[in-house]
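Me: Please take me through the charged pairs and the nonpolar surface of the structure shown below.

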Amino acid sequence: MRFVSPISAVCVLSVSAYFTQAHAQTHTFNISAHTFSDALAAFQKQSGLSVLANTEDTRHLSGPYVVSGKMSDVEALKQLVKKGSFTVHQSSPRTLVIEKAQFPKGHAKHVYAGGEEEIVATGRQTRSVMTVGGEQMQATMPGQNPLQALSILPGVTFTNVDPWGNNEQNSSIYVHGFSTTQLGYTLDGIPLGAGAYGNYNGLSPQRAAISEDISKVALSSGTGALGTASSSNLGGTIDFTTADPKKKAGATVKQIFGSYNTFRTFARVDTGNFGNNNSAYFAFSRQDARAWNLNGANRQGGYQVNAKFLHKGEKTKITAYFDWQNKSEPNTQGLSINSNDWLTDPTKQYTRGAFYPDLAAAMANYPSMSSKSKAPAAPNNQYYFSSAQRTDFLTYLKISHRFNSHLTWDNNLYFHYDDGAGVVATSIRTNAILTILGTYLDPSASKYIKNGQFTYSQKGIDPTVWNKTGGTGFATRTTEYTDYRGGLTSTFHYRVGHHNIETGIWYERNNNEAARRWYALSATNTLTPYQTPKDPLFTQWQNKFYTDTFVFHVQDTWKVLPNLTVMAGMKLEQVNTNGTLPVAALPQSLATNTTGSKTLDSNTQTAAGGTISAFKPFLPAVGMVWDFTRHEQVFVNIQKNMNSFAESGYGTTSPWGVSSQAEFEDFKKHGKPETSWTYEAGLRTFRPINSKFLDSISGQLEYYHVNFYDRLGAIKKPDAGISGVGTTIANLGDVTTDGVDLSFTLKFNQHFSLYDAVSYIKSRYDNNFTDGTDLYLAKNKTVPGIPVWSDKFVLRYNVGAFQTQVNGEWMAQRPGTYTNTLYAPPRFTMGYSARYSFYNIPHVNNLTLQFNIYNLTNARTWSSLAVGDATSYTAYPMTPRTFYGTVSASF
C-alpha cells in the first residue's frame, strides 16, 4: 500500500526503538468531539492504534462525533465515519485503514497523528517529499500565496515584502541551494513554468488557483518525479493540488478584514453529486488592500474565478478546470545596500515607497526645473509609481481510463493565456535613462556624452528629451508581456507482478512576446499604476520566442520484498527555442553605463536572435525505500536533471540576453544548459508512544549532496540602474552543496503538538568567474541569499472547536553578494492565529471566527534580497506587524 507518514517531517533522534505490545480488539470508548480531527485523535488515544486515512476523502465529514460503550476497534472507527462511504480494515495488529468504499485497498495518501492536518512527510517515496495541507496553510495566513506555506518546511527559504506572499517582483524562494527559476512548478500536474517574474513560460501558483481552493502543496526538495511536467526542475518540484468538488451540495463564504484596509472576499458553491457521479464547484475571490509602505491610492489585489468539474465513472475519471484572474499590484522599490553599516540603523529600511498620486511631491524631490541639479542620493530616489499587471486564463481537461486491473492511461490537455505588463514611472535624471531617451528622442544628445558619461548641458537636461517626455522630469517605462501556451501529458501505468511500470510524454508549444516601451508623463497625463499606457514614444526593443518542449520518461517501481521497493528510470528532454527580435534596440540604448575612467561603448551591436536547443537524451534516476521496522523507513535517491534556457531576451539570464550577435553565436556554439546531480538519503518515522505525556513522534532526517554544473548568471554592472543596461550572461562555473534537514512533530496529547524543522546547508561556488571586465573572487564563497542555518516551528493547541497556534522562523545571516563582502543580518519572525468554530446552528454547518497576527514581534528586518556583485545588493523590507480577522461560514 502507498502510505504517507503523518503530520510532517520528523525524525527520531534516539537509536533505540520503542515497541509497544499489540492491543486487544475491544475497548471501552468515550468519544465526544465537534471535528473529525479531534474524534480521530481521541480514538487513537483510547485504542492505542494508528489510523491511516486520506485527508481528501475525510475532510468533508462534519460533526458532532459521539461514540460511547464497549466495542471492537473496527466498529468504533466505523461509527466515526458512518456519514461517508468508507470501509475500515486492519492492515496490521496495530494499524487500521480508512478507505473510500469504491476504491481498492492501497490508496491511502495521508496519515493522521492525533487527527489534525499539519505537515506530512510522504512515505513510499524514494525521494524526500513533504506536504502542507490546505487547512494548515489557511490557519497560518488565510488567503496566502500557497508557495508561502512552504516556508515552514526544512531546506526552504521563502521571503516576500507582502504579508500574503503575493508580490511577484520581489518574491524569492530557495530550496536546497536552488533559486526560483531552477525549480519546477505544477498545478494538478499541469506545468506552471519556471516561476520567473517576467512571464515567459507560465504563471505563479496564486494566479493559477484561488488560495482557498488549494487542498495541499507538496515539495519534492531534492529531485522531482520523472513524470513531472517541468523543464526547470534542477532542485526539485513543487506541486499544488486543487480541492475536488464536495459530494454534498453547499456553499462557503469567507470575509477577511485587516490592517491597511484589507478586504478579501471568498465564496464557493458546490453542486454536490448529480447525474451519474458528477460534481462541480464555482469559486470567486476578490482582494483589496493598501500596500503597507504606500499611501491609500496604491491598492493591491484583484479578482479571480475558479471552476472545477469531476466525473467518476466505473473505469473513466474526467476532470475539467478553469481559472481566470486579473490583478494589479504596486511594487515596492528595494534599497541598494553598499555597506554593512545599514545593519546598525533599521529605520532606514522603512523610508522608501512611491510618490503616487502626488506628482508635485515627486517633482519637488527631483527639482522640476531644467537645471544642473542631479538626482538626489538614495534612499530618497523614489519612483513616482511601479506596478505589475497580470491577466490569465488557464484551463485543462484530464481523462483517466482504467482498462483493467493492470493498465491505466492518464491524459491531460491544457491551455494558458497571459497578458501583462510591468510599469514603472521613474525620474529621467540618471545617466543610464538619459542615454536611452537621448538615443531615441534626440540623436544629437550624443554631444552630452563625455568620457563615457551622460552629462547635463549647461542649461540643463537636453531640452528635446525634457519636452518630449512631458516636462515633469519623469517618464513611464513598461515591459509588456503576452504568452500563449498549450500542451499535453500522456502517461501509461502498467502493473504486472511486483512491477509498476510507468511511461509517458509531455509536449508543449509556447509562444511568448516581451516588449520594452517608453511613454511621456506630463502634468495633464499622469497615468496610473493600474493601466497600461497607450501611444508610446518609442519601442526600445521587442522579443518573440517560439518554443517546443518534448520530454519522454520511463520508470519501473519494483517491489522486491514486502518491505523493500526499488525504482529505476530515465527521461529524455529536448527544448527548442527560436528567439527573434522584430524590434532590435539601437546600439547606444543598450550600452554599458559605468563609472570612473571606463568608457561607454557606443558601438555595441544588438543581438539579431536565433535558435538554440537544450537537449539531454539520458537523465537517469534510481532510488530505494526500505521499511526496516513497522514504523521506520530508509529512502535513497540519485537523479540527474537539466534546466532549459530561459525563453527571454535583453537583460535576463538567457542566451538571448547578451548584447551582440557575436556573443549569441559564441554561446550557441560553446554554451551549456545548467545540469545537476542530486544524491539524497534519509530516515522517516511514525511511532506511537501512548505514554502519559507523549502520544507520538513522527518526522524525517535527510542528508543531500548536489553537484550543480554550468551555473548561468546575469552580471549587473554597477550603476546600471532601472534601465537594465549593462547586464550580460556568464557561466559562473559549478556549485557544490551539502545539507541536512531534520524535522519532527511531537504529539503530547490529543490537544497539543510541536513541529520543528532545522536545516543546515553548505552551498559554495567551485570557481571564480568574470563578467568580461571584472574578476569575481567567488571560489569557495557561500552562494548568496541563503542562510547556512535556519529553524522553523509551529506550536499548536486545540480543544473542541477552538484552535490556536504560534509559528516562528529564524535564519542566520545571508550573504548579499557573490563574494560575501556584504550580508543581511540574522532574522527572527513569528506569527499567531486563533480560531473558533460554532456548530449546531440552524441551516449552517459551521461558523468560524479566526484572528491572525503577521510579524507578531514587529521585527524590522530584510525580506527578499536581490543578489549583487562585490559592491552592493538590493534588499526589501519586511512588512510591519499587521492584524487580520476572518469570518467564514459553510452551508
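Me: At what N to O distance do lysine 327 and glutamate 329 meet in a salt bridge?
Reply: This is a predicted model, in which local features need pLDDT of at least 70, side-chain atom pairs count only at pLDDT 80 or more, and totals for chains, interfaces and linings use all residues. Residues are numbered from 1 along each chain as its sequence is written, and side-chain values use heavy atoms, without hydrogens and water. A salt bridge requires a side-chain nitrogen of Lys or Arg within 4 Å of a carboxyl oxygen of Asp or Glu. For lysine 327 and glutamate 329, the N to O distance is 3.5 Å.

Me: Is arginine 687, in its salt bridge with glutamate 632, buried or exposed?
Reply: The two side chains meet at 2.7 Å, N to O. Buried means under 20% relative accessible area, exposed over 50%, and partly exposed in between (1.4 Å probe, protein chains only). Because its relative accessibility is 3%, arginine 687 counts as buried.

Me: How many residues apart in sequence are the parts that aspartate 244 and lysine 308 tie together?
Reply: The side chains of aspartate 244 and lysine 308 form a salt bridge at 3.1 Å, N to O. Aspartate 244 lies in the loop between β14 (237–242) and β15 (250–258), and lysine 308 in strand β18 (residues 299–312), so the parts tied together are apart in sequence by 64 residues.

Me: Which strand holds leucine 849?
Reply: At 39% relative accessibility, leucine 849 is partly exposed. Strands are DSSP runs (E, at least two residues) numbered from the N terminus. The run at residues 846–854 contains leucine 849 and is strand β44.

How values were computed
Helices (H or I, at least four residues) and strands (E, at least two) are DSSP runs, numbered from the N terminus.
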